[in-house]
Amino acid sequence: TEVNSFSPSVPISPSSMINQYKFEDGPEIRDLFITVDDPESHITAIETFITYRVVTKTTRGEFDSSEYEVRRRYQDFLWLKSKLEEAHPTLIIPPLPEKFIMKGMVERFSDEFIETRRKALHKFLNRIADHPTLTFNEDFKIFLTAQAWELSSHKKQGPGLLSRMGQTVRAVASSVRGAVKNRPEMFTEMNNYMETFSQKINLLDKIAHRIYKEERDYFNEMKEYGPIHTLWSASEEDIADSLKGIASCIERCCRATEKRMAGLSEHLLPILHEYVLYSEILMGVLKRRDQIQGELDSKVDALANKKTEKDLCLATWESFLTSQTVDLHVDEDSEDRP
């Protein structure tokens, strides 16, 4: 949702865990507003990239100020997404636009490309802001408030020791484990459904892009044919009216095709591709859920092995102590004999 207004009268609610909405009798009541705008090109000796202004307005008590303005590049958004996935492995993190949106349809750094990406990044941040859990993530707050050098310093800190250990355990569990042994049936059904859905939505996305490309090629050809027939009519008096009629028809077809292409590129293609991205995210969440299940299975097996070892050890000690007691009684009986 595009948000351009801010109400300072909203009470501070640092302990609230969800954003509040007022739909019917007034404007939305929220405590965090984010806008992504003002794309700016940067050219260095090494690379060329775009930064976007991120403006945040808030009434939350955990923020030191009510308004922040920072500039972020695409890599910063990627960093935020990875930190959210690391901190909340079983939550559905909103998708980011890929490095090249609608590849082959628009040129990189063109106005159309930059505006498409800006809208997607704006949607990404506002979806996080509206999420009851992700909105309170500490890395999200740093992303919104830290200046460029502060964010760069925070990135260099890397994951903590416990996080690195957790990643190592997951990597080992994933490498030595085949199918999850104790996956609940509902997650198996969900995984099968998502695999089928992902295949079909990817196929629809490819077909839609192919249709758009064919429409664009058809449109470019018709744009050439219209003027050709108009020029032709000037040199053929006998069929001039017919040629002009054909040119007029081609022009109308061009306008209709252009309108249809706009509908595809502005509405159908982005929605289809967002479903593709969400299907990938859901598959990733299910995979991480399996990794957690695998870790649990490994720990349960390790605990069962430890219990078996402990029981065996106790049985050995009990057998040993029993034998010592029997030997002691035998010695005592032999001493009591005359």
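**Exercise 1. About how many helical turns separate Glu 115 and Arg 118 in helix 2?**

Solution. The structure is a predicted model, and the solution begins with the positions of the two residues. Step one: Glu 115 and Arg 118 are 3 residues apart in helix 2, and this spacing amounts to about one helical turn. Step two: an α-helix has 3.6 residues a turn, so residues three or four places apart point the same way. Step three: the side chains of Glu 115 and Arg 118 meet in a salt bridge, with 2.9 Å from N to O, which satisfies the cut-off of 4 Å for such a pair. Step four: Glu 115 is partly exposed, with a relative accessible area of 31%, whereas Arg 118, at 12%, counts as buried.

**Exercise 2. Find where Lys 213 and Asp 217 lie, and describe how exposed they are.**

Solution. Both residues belong to helix 6 (residues 185-235), where they are 4 residues apart, about one turn of the helix. Their side chains meet in a salt bridge of 3.3 Å, taken from N to O. Lys 213 has a relative accessibility of 46% and counts as partly exposed, and Asp 217, at 32%, is also partly exposed. Elsewhere, salt bridges that share partners join Lys 123, Arg 127 and Glu 274 into one network.

**Exercise 3. Explain which parts of the chain the salt bridge between Asp 31 and Arg 60 ties together.**

Solution. Begin with the pair itself: the side chains of Asp 31 and Arg 60 meet in a salt bridge at 3.3 Å from N to O. Asp 31 lies in the segment before strand 1 (32-43) and Arg 60 in the loop between strand 2 and strand 3, so the pair ties together parts that are 29 residues apart in sequence. Now consider exposure, for which a residue counts as buried under 20% relative accessible area. Asp 31 has 5% and is buried, and Arg 60, at 3%, is buried as well. For the structure as a whole, the count comes to 17 salt bridges.

**Exercise 4. Check the length of helix 1, then describe what covers its buried residues.**

Solution. Helix 1 has 14 residues (residues 74-87), which at 1.5 Å a residue should span 20 Å, and its end C-alpha atoms are 20 Å apart, so the two values agree. Its buried residues are Tyr 74, Asp 76, Phe 77, Trp 79, Leu 80, Lys 81, Lys 83 and Leu 84. Their cover includes strand 2 (48-58), strand 3 (67-73), helix 2 (111-130), helix 3 (138-145) and helix 4 (148-157). To follow one of these residues further, take Leu 80: leaving aside its neighbours within four places in sequence, Leu 80 is in contact with Phe 124, Leu 125, Ile 128, Asp 139, Phe 140 and Phe 143.

**Exercise 5. Describe the largest nonpolar core, and then find a nonpolar patch on the surface.**

Solution. The largest nonpolar core contains 30 residues, and those with the most contacts inside it are Ile 34, Val 54, Phe 77, Leu 80, Leu 125 and Phe 140. Two or more residues come from each of strand 1, strand 2, strand 3, helix 1, helix 2 and helix 3, and helix 2 gives the most, with 7 residues. A second, separate core of 12 residues includes Ile 201, Ile 250, Cys 254 and Leu 272. On the surface, Trp 317, Phe 320 and Leu 321 form a nonpolar patch, which together has about 340 Å² of accessible area. Of these residues, Trp 317 can be placed in helix 7 (residues 240-336).

Terms used. Residues numbered from 1 in each chain as written. Predicted model: local features only at pLDDT ≥ 70, side-chain atom pairs only at ≥ 80, totals over all residues. Heavy atoms only, no water. Expected span 1.5 Å × (residues − 1). Buried < 20%, exposed > 50% of the residue type's maximum accessible area, 1.4 Å probe, protein only. Contact = heavy atoms within 4.5 Å. Patch = residues over 30% accessible without salt bridge, like charges linked within 9 Å, V, L, I, M, F, W, Y side chains within 5 Å. Areas by Shrake-Rupley, 256 points an atom, 1.4 Å probe, with all protein chains shown as cover. Core = buried A, V, L, I, M, F, W, Y, C linked by side-chain atoms within 4.5 Å.
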